[in-house]
Amino acid sequence: MNEITFRTAPIGLFDSGVGGTTIWKEVNALMPNESTLFLADNKNAPYGEKTKEEIIALCDANTQFLLAQKAKIIVVACNTGTTNAISYLRNKYKDVPFIGIEPAIKPASLQSVTKKIGVLATRSTLASDLFAKTSEHLKQEEQVEIIEQVGEGLVDLIEAGRIESPEMTQLLRRHLLPMVALGIDYLVLGCTHYPYLLPQIQQLIPAHIKVIDSGYAVAKQTRNILLQHHLLNEDTTAIPQHLWLANGNTEVLKQFAPKEKGLENLQISNF
């Protein structure tokens, strides 16, 4: 594959389900010339309750699939996948640029006034060595209290298409209100699924609490790495192709498909 062809190769992204589409949307908004290939491994969702070994095996399989489709870069659009498997993937596929995603606890810690930040994430993300290392450093350097909360049950309901359900409201109240009571002024969403819950979250917490996720930062880093590797597609005349694939239910993916002009050619299918 020559350099010009490689520049037009797709950006590969994967997640355990629809959550990674929040990252996809940020990537597409920042780099509209780029073709994309998004893989939702929703047959194996959620990743958050699996062992580290299981998560690594699934992330490896997803990577192999995307590379077989000629992806020029891999975005691990999954907090659980990143915190548990990114080191393994980078070591195994040394010639492939990987972009990971971590809970945005650093910007929250730097901006917090109360020095109390809440983190809503999966069990595996919060238990990972990578998260522990980052949070411990910030606790010491910024003197912040990081209040962790496992978002148990949230991904399952999102994947089932039950975002606006009484069960979701009940779970969010149970997860969020104790952190609010402890005086947080920042809430970090540590799972790519959770931005889809933002409207409900903002109804349940006081207006002064700022909610942040990592989506835009991940898109910006992806662009920076593509530039560094001379892989950014700068051909504004090309029509980018977008494909979302799922190995389980595709109907839930269709619910989150963007309706913006120019994305009419987005295809969604099984593989």
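In which sense do S3 and strand S4 pair, and over how many bridges? To find the answer in this predicted model, select strand S3, residues 73-76, together with strand S4, residues 98-99. The two strands pair in the parallel sense, over two bridges. Within this pairing, display Ile74, which stands opposite Phe98 in S4. Next, trace the chain between the two strands: from S3 it passes through helix H4, residues 79-92, before arriving at S4. This β-α-β crossover is right-handed.

Return to S3 and add strand S1, residues 11-15. S1 and S3 also pair in the parallel sense, here over four bridges. Gly12 is the residue to select in this pairing, since it stands opposite Ile74 in S3.

Now show the side chains of S3 itself. Are its faces covered or open? Both faces are covered. Ile73 and Val75 lie on one side, Ile74 and Val76 lie on the other, and all four are buried.

The next stop is helix H3, residues 52-68, viewed together with H4. Two packed helices are described by the angle between their axes and the distance between the axes. The axes of H3 and H4 come within 9 Å and cross at roughly 60 degrees; H3 is therefore oblique to H4. The crossing of these helices is right-handed.

To inspect the contact, select Lys52, Ile55, Ile56, Cys59, Asp60, Thr63 and Gln64 on H3. The partners on H4 are Thr80, Gly81, Asn84, Ala85, Tyr88, Leu89 and Lys92.

How values were computed: Residues are numbered from 1 along each chain as its sequence is written. This is a predicted model: local features need pLDDT of at least 70, side-chain atom pairs count only at pLDDT 80 or more; totals for chains, interfaces and linings use all residues. Side-chain values use heavy atoms; hydrogens and water are left out. Buried means under 20% relative accessible area, exposed over 50%, partly exposed in between (1.4 Å probe, protein chains only). Two strands pair if DSSP finds at least two bridges between them. A crossover is right-handed if, with the strands pointing away from the viewer, the path from the first strand over the helix to the second runs clockwise. Axes are lines fitted to C-alpha atoms, for helices over the stretch in contact, and angles run from 0 to 180 degrees between N-to-C directions. Angles under 35 degrees count as roughly parallel, over 145 as roughly antiparallel, 65 to 115 as roughly perpendicular and the rest as oblique. A crossing is left-handed if the near helix is turned anticlockwise from the far one by less than a right angle, and right-handed if clockwise. Contact means heavy atoms within 4.5 Å.
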